[in-house]
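Dear colleague,

I am handing over the structure below, and after it you will find an account of what was found in it. Please keep the sequence and the 3D view open while you read.

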Amino acid sequence: LYTVKIPQAMKTVKRIATCMLLACFLVMTVVSAVSCGRSKIPVATNFSRSVPDIYPDYTGVTVPANIAPLRFMLRHTGRYDAAVAAFYCRALSNRPLMVEEADGDGRFLFDEEDWHTMLAPLRGKRLEVVLFTRKHDVWTRHRAFTVDVAREDIDSCLVYRLLPPGYELWSEMGIYQRRLTDFRESAIARNTLTDHNCMNCHSFCMQSPDTMMLHMRAAHGGTYIRRNGTIERVDGHLSDKIPQMVYPSWHPSGRFIAFSTNDTHQRFHMRSKNRIEVFDRSSSVFVYDVDHHRPLQSPLTSDSLCFATFPTFSPDGRTLYFCAARRVEHLPADYRQVRYSLCSISFDAQSGTFGQQVDTLYSTYSTRMDGVPQGRSVSFPRVSPDGRHLVFTLSRYGNFSIWHADADLYLLRLSDGSISPLRAANSANVESYHSWSHNSRWLAFSSRRDDGLHTRPYFTYIDASGRCRKAFMLPQADPAFYDAFTLSYNIPELVRRPVSAVPQDFADAARQVP
């Protein structure tokens, strides 16, 4: 008996000891690999209770472990002769995992390899970042700020349109993708190859880069659908009742795309924060059968007495959500009277038919909704892939909240119908278009909080209960990038992998049109 069990016990002890040694080795490897080559922690004689003003603001944010380095800079560089940043993780070691010295312009340009080496073992843990600044040969240690590392990664790419912020000038624009693990950007489509036409409303099926679509307007106009490596053009004018295809949402099967058709007009303000007004004189919602090239309609989503727009499918494909408003006759005079409610209707993919009733999830005419402003207008509903939450934009009126300074993000819990603002993500300026990651933990959205003019891409972490964390801006190779960049990021869409299509693919598809 003992001759059998004692050797087995010794083997178990040896295995445990080996695992412990390997764990210690890995921790020390992270510490030594990241912190030993660049800078040393200064000896501070002064201590400050404040954190220096840094840009972008990454203090107190939650980030994915696979995000590109959060490079930042000191806003008031002239106050300091030098600066050093030290990253600690108390759960692993009291030694710094990374020490970086700022360059002459006060920028912390963390190395990509060092950054990912540091973050890889830190999922679910908290980093403390301590800044040291030197003035007249005296070092000051500032109060630490934290960066939480989420357990879940974010999708590897963000796809967006780049265009001037005013929307009335678009001689050059394109659809671009940015790898979120590093700083590489590439073009998917560029209108310089298609006679400078308008490109918009790119959309993906279940965050898949292989199934997508986009619209082209004016020259080579139509809807371009890419599936199985081929691009098909669909004439946007399907019938007299469907003169154009706007605001898409893929059915999870990839067979259907929900669209609205909108008679859209613009007006411009000279003395309002809402610089541009976009309104519809008519609109309706329909579903396009990609396989059989036919539109599917319901009288409940194409009522001439209502405006219907912004359709979006649930992840199981059984429900179509959309925004609906009572028709207003005197436009543009009464554009502030147009307010949209959040509605839904069932959809049967097998038969291609709609349900017989429309349900209202948020009514702009409701007299009581705890914690939610009354009489507001809904736009851009998007359902999380796990089917638990729906995020939408709420503003005072209208449907084009991209230019409404009061627009904020709200979350609807589909299990009980409760609605709450995403306070940690919202700001005093516009929050509008948004998209989910495939694991339902990350939300990308556009915001004008930075300067009130340009939309920038932001990300927020949303846990399983629907609580969100402080949002952070898309990191750039140079933290001063946004100060000089004059284009807006429009329709930020998360996708799982890079899109393999290149601009010439869409240009070739456009040139094939007679």
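**Cavities, pockets and a few residues**

The lining of the largest cavity, sorted by class, has nine nonpolar, three polar and two charged residues. Before going further, please bear in mind that this is a predicted model. The volume of this largest cavity is about 90 Å³, and 14 residues line it, with Val278, Phe279, Tyr335, Gly398 and Asn399 lying nearest its centre. Strand E20 provides the largest share of that lining, namely four residues.

The structure holds three cavities of 30 Å³ or more, and the second largest of them contains about 40 Å³ of space. Its lining is made by Tyr58, Leu70, Phe72, Phe87, Phe110, Trp115, Val129, Phe145 and Val147, and when these are sorted by class they come out as nine nonpolar, no polar and no charged residues.

**The protein as a whole**

It may help to step back to the whole chain, where the protein has four helices and 35 strands. Of its 514 residues, 53% count as buried. If you take the contacts between residues at least 6 apart in sequence, 59% of them join residues that are at least 24 apart.

**The pockets**

The largest pocket holds about 1,000 Å³ of space. Its lining is made of 43 residues, and those nearest its centre are Cys201, Val246, Tyr247, Pro248 and Ile491. Several strands each supply at least two residues of this lining, among them E11 (157-163), E18 (246-250), E19 (256-268) and E35 (488-495), while E14 gives the most, with six residues. Sorted by class, the lining of the largest pocket contains 26 nonpolar, 13 polar and four charged residues.

The second largest pocket holds about 300 Å³ of space, and it is lined by 15 residues, of which Lys241, Ser282, Ser283, Ser284 and Ser302 lie nearest its centre. The elements that give two or more residues to this lining are E19 and strand E20, the latter covering residues 276-289. Here the lining divides into two nonpolar, eight polar and five charged residues.

**Strand E20 and its partners**

Strand E20 has now come up with both a cavity and a pocket, and it deserves a paragraph of its own. Is E20 largely enclosed by the rest of the structure, or largely open? Twelve of the 14 residues of E20 are buried, and therefore the strand is largely enclosed by the rest of the structure.

On one pairing, E19 and E20 run antiparallel and are joined over twelve bridges, and in this pairing Thr264 has Asp280 of E20 as its bridge partner. On another, E20 is joined by three bridges to strand E21, residues 294-296, again in the antiparallel sense, with Val287 standing opposite Leu296 in E21. E20 and E21 form a hairpin that has four residues between the two strands, and in the turn His293 has a positive phi of about 55°.

**Leu158, a residue in strand E11**

If you would like one residue to follow in the 3D view, you could take Leu158, which is found in strand E11. Leu158 counts as buried because its relative accessibility is 0%, and the cut-off for that word is under 20%. Leu158 and Leu180 lie 22 residues apart in sequence, and their C-alpha atoms are 6.8 Å apart in space. Leaving out residues up to four places away in sequence, Leu158 touches ten residues that you can pick out in the model: Tyr176, Gln177, Arg178, Leu180, Ala444, Pro457, Phe459, Pro492, Glu493 and Leu494.

**The cysteines**

How many disulfides does the count come to? The count comes to zero, where a pair of cysteine sulfur atoms would have to be within 2.5 Å. For Cys323, the closest cysteine sulfur is that of Cys343 at 7.8 Å, which is too far for a bond. Cys323 counts as buried because its relative accessibility is 0%, and Cys468, at 17% relative accessibility, counts as buried too.

With best wishes

Key. Residues are numbered from 1 along each chain as its sequence is written. This is a predicted model: local features need pLDDT of at least 70, side-chain atom pairs count only at pLDDT 80 or more; totals for chains, interfaces and linings use all residues. Side-chain values use heavy atoms; hydrogens and water are left out. On a 1 Å grid over the protein atoms alone, a cavity is a set of points where a 1.4 Å probe fits but cannot get out, and a pocket is an open set with protein on both sides within 12 Å along at least five of seven lines; lining residues have an atom within 4 Å of a point. Grid points are joined across faces, edges and corners, and a volume is the space filled by probe spheres set on the points. Ala, Val, Leu, Ile, Met, Phe, Trp, Tyr, Cys and Pro count as nonpolar, Asp, Glu, Lys and Arg as charged, and the others, Gly among them, as polar. Buried means under 20% relative accessible area, exposed over 50%, partly exposed in between (1.4 Å probe, protein chains only). Two strands pair if DSSP finds at least two bridges between them. Contact means heavy atoms within 4.5 Å.
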